Amino acid sequence: MSGQDSENPASEKMADSYAMALKHNNNTHKDNAEPDAEYFNVKPVFILESDIFGSSKPDKNNYLTHTELFKCIDLTIPANHLNGLQRVIGGVWRIYPDSEEDRETLVVSSITVRKKRIEVYPRNPKYVEKESPTTVRIRIKNIPLSADDGQLIRYLQNWHLEVLNYQRERLRIDGFVTNCQTGDRIFYVEPFDITLPRNVKIGKYRGLIFYKGQTNQNAEIECTKCLQKGHKKSECTNDWKCKTCGTNGHISKDCTAEFDKNSQADSDVSSEESDEASEAESEKGEEIVLSQSTENLLDITHTEEISKNAELPTDTNNTNVPDQNPSELKSDETDQQHPEQCKKKKEKEKNIQITSNNLWSTR
């Protein structure tokens with residue numbers, strides 16, 4: 001056997017060379033292990049296939065490939081700055097840039113795939129809470145699109161918040177992300193203990209801040225439009241409520257309830273005046289009836305005197321007696337015969353005369 005080995009020195013040389021080659025490969029792998037770990041120190045960014053295809057699953061001919069996505073990323077950052085490109089279950093793609101600058105460029109600028117602008121997520125949108133349970137997501141609304149995002153970041157930093165990342169929300173229609181922005185800014189910050197106000201003024205703009213676990217500090221504020229608590233008139237979307245009658249649909253200066261109340265009061269006053277007028281007319285009617293009864297009584301008395309004078313006998317033989325009124329003669333005889341009746345009659349006539357004088361004075 002030793003003779004065979006001596007006869008085949010090439011095989012011995014081959015074995016030595018194979019062993020050397022294997023040892024060299026192992027040493028090379030060990031030497032490169034640490035640089036490979038540093039190779040992926042930059043966190044990946046993510047895109048979703050649902051932003052491209054929507055809720056429908058594409059056929060095999062329309063699958064998104066590594067080559068196509070690689071060329072699309074090359075339009076945003078240089079392709080040689082890309083360390084890795086990986087598709088995982090659920091239609092999620094991981095993109096590994098080689099620097100933080102390239103990572104921020106991808107998140108801010110997004111990428112275009114098949115003539116559609118696709119949002120690049122700083123974290124896996126399907127597992128944000130699981131992968132980053134200590135991150136707080138803040139949404140700022142009502143700030144114009146023309147406003148600088150740096151102004152919003154400085155506002156949050158003034159509250160001593162550490163802003164990790166941010167993005168502008170884009171409108172999604174039928175499962176597709178469009179280039180149209182909604183105006184909302186999404187900020188990812190480290191957890192904090194303070195309470196941010198709901199209504200804020202950032203520069204010359206007024207905005208709204210929302211985040212999970214936020215307490216509403218405006219609970220005691222009363223809206224002057226709908227008269228409800230918890231918001232201001234500038235934020236109110238309810239209908240106007242009247243402070244006078246408490247119904248919706250109009251304001252106090254246009255309220256007709258006060259007018260109806262005044263109309264009812266006027267009607268009550270007019271009814272009282274009409275009652276007073278009717279009472280005055282009834283009193284006047286009573287006075288007229290009394291005056292008419294007094295006049296009738298005087299007429300009856302005068303008629304009785306005339307009838308009595310007509311019944312007296314005439315003495316033509318007595319020429320020495322001077323001419324006298326028959327009524328006076330009759331009254332004298334009656335006074336002499338019945339002095340009590342005469343007294344009562346005079347009192348009655350006196351009362352009638354007083355009553356008639358009073359009536360004439362009132363007229």
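These are my notebook entries on a predicted model of one protein chain.

**Entry 1: getting my bearings**

I started with the overall make-up. The protein chain has 10 helices and 10 strands. I then looked up burial, and 26% of the 363 residues count as buried. I also checked how far along the chain the contacts reach. Taking contacts with a separation of 6 or more, I found that 55% join residues 24 or more positions apart.

**Entry 2: the largest nonpolar core**

Next I went looking for nonpolar cores. As background, I noted that nonpolar side chains tend to be buried together in soluble globular proteins. The largest core here has 19 residues. Which of them touch the most other members? I listed Ile47, Leu69, Ile73, Ile95, Leu106, Ile111 and Val113.

I then asked which elements each supply at least two residues of this core. Those elements are strand 1 (45–48), helix 3 (50–53), helix 4 (66–74), strand 2 (82–88), strand 3 (92–97), helix 5 (100–109) and strand 4 (111–113). Helix 4 gives the most, with 3 residues.

I picked Val113 for a look at its neighbours. Leaving aside residues up to four places away in sequence, Val113 touches Ile52, Leu64, Glu68, Leu69, Cys72 and Ile118. Apart from this core lies another one, of 18 residues, and its members include Ile143, Leu156, Phe187 and Ile209.

**Entry 3: the two faces of helix 4**

Helix 4 deserved its own page. I found Leu69, Cys72 and Ile73 buried in this helix. They cover an arc of only 100° around the axis, so they sit on the same side of helix 4. What covers these buried residues? My list includes strand 1, strand 2, strand 3, helix 5 and strand 4.

I then turned the model to view the other face. The face turned away from the buried side of helix 4 carries Thr67 and Lys71, which are exposed.

**Entry 4: strand 4 and the loop after it**

I stayed in this area and looked up Thr112, which lies in strand 4. Buried or exposed? Thr112 is in between: with a relative accessible area of 34%, this residue is partly exposed. Not counting residues up to four places away in sequence, Thr112 touches Cys72 and Arg117. I also took a distance back to helix 4. Thr112 and Ile73 are 39 residues apart along the chain, and their C-alpha atoms are separated by 7.9 Å.

Moving on, I reached Arg114, in the loop between strand 4 and strand 5 (116–118). Its phi is positive, about 55°, although Arg114 is not a glycine. Arg114 counts as partly exposed, at 32% relative accessibility.

**Entry 5: another positive phi**

I noted His160 in the loop between helix 7 (149–158) and strand 7. Its phi is near 65°, a positive value in a residue other than glycine. His160 is exposed, with a relative accessible area of 74%.

**Entry 6: aromatic rings**

How many aromatic pairs does a search of the whole structure find? I got 3. One of them joins Tyr155 and Trp159, which meet edge-to-face, with 6.5 Å centre to centre and 65° between the planes. Tyr155 is buried, with a relative accessible area of 14%, whereas Trp159 is partly exposed at 28%.

I then looked at Tyr166 and Phe187. Their ring centres are 5.6 Å apart and their planes lie at 25°; planes under 30 degrees apart count as stacked, so this pair is stacked. Where along the chain do the partners sit? Tyr166 is in strand 7 (residues 163–173) and Phe187 is in strand 8 (residues 176–189), so the pair links distant parts of the chain, 21 residues apart. Phe187 is buried, with 0% relative accessibility, and it also appears in the 18-residue core.

I added a ring with a charged neighbour to this page. Arg123 lies over the face of Tyr188, at 5.9 Å from the ring centre.

**Entry 7: the annotated stretch**

Last, I checked the UniProt record. Its unreviewed entry places the feature "domain: CCHC-type" at residues 241–255. In the model, this span is 0% helix and 0% strand. The end C-alpha atoms of residues 241–255 lie 10 Å apart.

Notes: Residues numbered from 1 in each chain as written. Predicted model: local features only at pLDDT ≥ 70, side-chain atom pairs only at ≥ 80, totals over all residues. Heavy atoms only, no water. Phe/Tyr/Trp six-rings, centres within 6.5 Å; stacked < 30°, edge-to-face > 60°. Buried < 20%, exposed > 50% of the residue type's maximum accessible area, 1.4 Å probe, protein only. Helix = DSSP H or I, 4+ residues; strand = E, 2+ residues; numbered from the N terminus. Lys NZ or Arg CZ within 6 Å of the ring centre and 35° of its normal. UniProt positions renumbered as here; feature names shortened; annotations may be inferred. Core = buried A, V, L, I, M, F, W, Y, C linked by side-chain atoms within 4.5 Å. Contact = heavy atoms within 4.5 Å. Arc of directions from axis to C-beta.
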